[in-house]
Structures are given as structure tokens and as C-alpha cells.
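Here is a short report on pockets and backbone geometry. Please look over the model first.

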Amino acid sequence: MNDTQLKVTAHEMTIDGKGLLAMDESNPTCNKRFAELGIAQTVAMRRAYRDLIVTAPGLNCSIAAAILSDETISQKTLAGEPFAQALAKAGIVPGVKVDAGVTQLADHPDEQVTQGLDGLRERLASYQEQGARFAKWRAVIRIGAGVPGRACIAANAHALARYAALCQETGMVPMVEPEVLMEGVHTMTHCATVTERVLHAVFAQLLEQGVLLEGIVLKPNMVLPGLACSQQEGASVIAETTLRCLLRTVPAAVPAIAFLSGGQTPEQASERLNAMHTGCATLPWALTFSFSRAIQQPALAMWRGQDANVAAAQRVLVHRANCNGAARDGRYSAAMEGMNR
């Protein structure tokens, strides 16, 4: 493990004014989004869509790193250049999602654990040869009646830590993603309680496994009320609650926290990220974004699988990325939403 290399990569992934673009949706998830818009669910169309993203002019102005799927990192752009190489040439750090999805946790029918540790060391070495400099592993924590339980949190925290240790052994920065899902009727206060429990468990396991905290990037959820909760707090309250939760749980040694967007709308994600950068005290870590749908969805809706719409979709994509780049500096406003129309 090269400590200096890990620290440099983590810094490059989260450099000031920029964030990460998550374009690592599984094939079933991508196909579902395509089907909703009448786009053919084929390998060729997924490749064309990822090409649209990677080759978007100006994407590197607000995007410092991008997460690819297993399918995409093995493919080439329509111009014949490996996707990871095309990203690197644009000054965007390429990474890859390495988990194998979730499965039911034994004897816990309402809870899940992420799988994919078997053979991971070898897969990481292969991904690194293809140009990946960091990896991502997502754990899924659901809030509901009696869940999450201690076993679910412990199993996912342990898997995240073992994955992170394997990444650093290979020389790749691990993006550690413990996601507390938005689905449900839970309050924001309940989400804060669960998120604190999860993050405490994750960092305990990271330390137990000897993971270099200065060489990771944390990708958590914001602290939010459930989508079906009757009380939906404003951006400033969400920002305050989220920061309080993170200050209680995330060591100062961690260089950066890159929020996932989950089920937030693009505008909500930008507004809430922006609120965390306005009027807050100095924080021990950088706060950035690692959004998927909150950046991609408007562009996908514009593209709809049509070659004639590629340029317009790329402009929408870059605009959405720029909105979040502005939010990183507390410069985002609702007025920015009309600037690309």
C-alpha cells in the first residue's frame, strides 16, 4: 500500500469546486430507466449513452472523477477509446463499482447485505490494469418496523471495511458508501439516529481492518425524512442536521465526504448541498457530491436514444454538473435552473 498515492488520488477525486459523477448503474437499473423513456434496452444503447456522458464538452469543469460500471470499464467509446482512458485524458479520475449487489441477510428477511468479496482482490487488479484508480462499494440500510437491526449494520460495516482494505492493498482509493435509504415514513430525526449508528459501526470496522482513513472517500446519504413522511424539512434544517450527524461520527482524518443523491430531485440535491456551504463553520473534511440520477436524469430525458439529441443532452448534463459545482462553493441558486433553457 502506497499511502502517498492513496492520499493524492483521494484529493484529485474531490478537488475544490468539483464533484463526482456516478454512472455505474447496474444493467437492470439502466434498462429500467431506458424503458421508462422508450429507449431500447441493449448493450449498444447503454454504450451510446455512456459515450454521450464521457465525451460531453466541458464536463471536467465541475466533475473531478467518474464511477463506471463493470460493463462500461470494459468498453470503448464510439470513437474506439477505452472509457477509462477517455476520462483520464479529460482530466477526470476513472473509478469502478466493484460490489456484486445485495442479497437477503440470512435469518433477517427484511434486511440485506452486499456481496462481492469473493475474488475481489483479483478483480481489483484487473480493473486497475484497465485504468481505474478508485473503486466503490454500496451497502444498503433500510429503515422500517424493527429495522435496521444490529446484525444488518454489523454485516454491512464489516463487508465495507474488508473491501476498503483490499482496495488500498491494490493501490486504489475505496469509496465507502453506506446508504440509509430514503424510502419509508420515518422522520428526519429517526434517519439521523440510524445514520449515526451506521457510521459509527463503519468507522469502527475500518479501523479494525487497518484502513488508512486519509486514503478513503466517504459516500453517505444526507439526513432526510422518508419520502412518505408527512413532515418534510427545508434545506437549511436538513443541512444543519446532516452536518451535526457527520461531526459526531466521521473522523477528521477522512479527506472528503461525497454525498449520494438517492431519491432526491436534481434541484433538491443541489439546494441541500448548497445549504451545507453557506454560513457553516470550518469543517474538518471537504464536502462534495457523487450524484447519479440528480445529474443524469435531465440529460437522459433529453436524449431519449436519439442521435439528433446528443448535443442538447450533453449541454443539459454539463449544466446540471455545474449547478452542483456551484453548490460546493455555496453559489447555487434557483435562478441557475433557467440558464440552460
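How much space lies in the second largest pocket? About 190 Å³. This is a predicted model, and the volume is a computed value.

**The two pockets**

Of the 13 residues that line the second largest pocket, the closest to its centre are S26, S69, D70, K97 and D99. Helices α4 (70-73) and α6 (120-129) each supply at least two residues of this lining.

The largest pocket has a volume of about 810 Å³. Its lining holds 31 residues, and T29, R33, R138, E179 and R293 are the closest to the centre. Several elements each give at least two lining residues: α2 (27-36), β6, β7 (173-180), β10 (286-291) and α11. Helix α2 supplies the largest share, four residues.

The table sets out the lining of each pocket by residue class.

| Pocket | Nonpolar | Polar | Charged |
|---|---|---|---|
| Largest pocket | seven residues | ten residues | 14 residues |
| Second largest pocket | three residues | three residues | seven residues |

**Helix α11 and the residue after it**

Helix α11 covers residues 293-303. It supplies at least two residues of the lining of the largest pocket. R293 is among the residues closest to the centre of that pocket.

Which residues of α11 are buried? They are A294, I295, Q296, A299, L300 and W303. In an α-helix, residues three or four places apart point the same way, because there are 3.6 residues a turn.

R304 follows α11. This residue lies in the loop between α11 and α12 (310-328). Its phi is positive, near 55°, and it is not a glycine. R304 is partly exposed, with a relative accessible area of 41%.

**Other backbone points to check**

Most residues other than glycine have a negative phi, and most peptide bonds are trans. Two more sites deserve a look on that account.

Where does D107 lie? It is in the loop between β4 (102-105) and β5 (108-114). D107 is not a glycine, yet its phi is positive, about 65°. Is D107 buried or exposed? D107 is exposed, with a relative accessible area of 76%.

The other site is a peptide bond. The bond from V147 to P148 is cis, with omega near 5°. P148 is found in the loop between β6 (134-141) and α7 (150-170). Strand β6 also supplies at least two residues of the lining of the largest pocket.

Terms used: Residues are numbered from 1 along each chain as its sequence is written. This is a predicted model: local features need pLDDT of at least 70, side-chain atom pairs count only at pLDDT 80 or more; totals for chains, interfaces and linings use all residues. Side-chain values use heavy atoms; hydrogens and water are left out. Buried means under 20% relative accessible area, exposed over 50%, partly exposed in between (1.4 Å probe, protein chains only). On a 1 Å grid over the protein atoms alone, a cavity is a set of points where a 1.4 Å probe fits but cannot get out, and a pocket is an open set with protein on both sides within 12 Å along at least five of seven lines; lining residues have an atom within 4 Å of a point. Grid points are joined across faces, edges and corners, and a volume is the space filled by probe spheres set on the points. Ala, Val, Leu, Ile, Met, Phe, Trp, Tyr, Cys and Pro count as nonpolar, Asp, Glu, Lys and Arg as charged, and the others, Gly among them, as polar.
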